[in-house]
Amino acid sequence: MRECHYCLDCQVTYYNEEKCPPLKKMARKKAKYKEAEINIKEVV
Ligand code: SF4
């Protein structure tokens with residue numbers, strides 16, 4: 001591809017936690033962390 005056509009598909013993907021692979025990974029980590037946090041609260 002020689003030029004950007006400004007379709008903004010890349011921008012939409014970048015800000016979509018369900019489409020962008022690195023964001024998906026981060027979201028999974030966040031969810032795991034939240035689960036752990038809930039377990040800690042239950043123990044205390
Ligand atoms: S996906 Fe992004 S880089 Fe590619 S043409 Fe569209 S705006 Fe440009």
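The protein contains 2 helices and 0 strands, and the model described here is a predicted one. Of its 44 residues, 0% count as buried. The points below turn to the surroundings of the ligand and then to two residues, Y6 and L8, that belong to those surroundings.

**Around the ligand**

- The residues around the ligand are C4, H5, Y6, C7, L8, D9 and C10.
- When this shell is divided by residue character, 5 of its residues are nonpolar, 1 is polar and 1 is charged.

**Y6**

- Y6, one of the residues around the ligand, is placed in the segment before α1, the helix that covers 9–14.
- The phi angle of Y6 is near 55 degrees, which is a positive value in a residue other than glycine.
- Y6 counts as exposed because 7 other C-beta atoms lie within 10 Å, where 12 or fewer is the cut-off for an exposed residue.

**L8**

- L8 is likewise among the residues around the ligand, and its place is in the segment before α1.
- Although L8 is not a glycine, its phi is positive, at about 70 degrees.
- L8 has 10 C-beta neighbours inside 10 Å and therefore counts as exposed.

**Background to the phi values**

- Most residues other than glycine have a negative phi, which gives a context for the positive values of Y6 and L8.

Technical notes
Residues numbered from 1 in each chain as written. Predicted model: local features only at pLDDT ≥ 70, side-chain atom pairs only at ≥ 80, totals over all residues. Near = placed C-beta within 6 Å. Nonpolar A, V, L, I, M, F, W, Y, C, P; charged D, E, K, R; others polar. Helix = DSSP H or I, 4+ residues; strand = E, 2+ residues; numbered from the N terminus. Buried ≥ 20, exposed ≤ 12 C-beta atoms within 10 Å, placed from the backbone.
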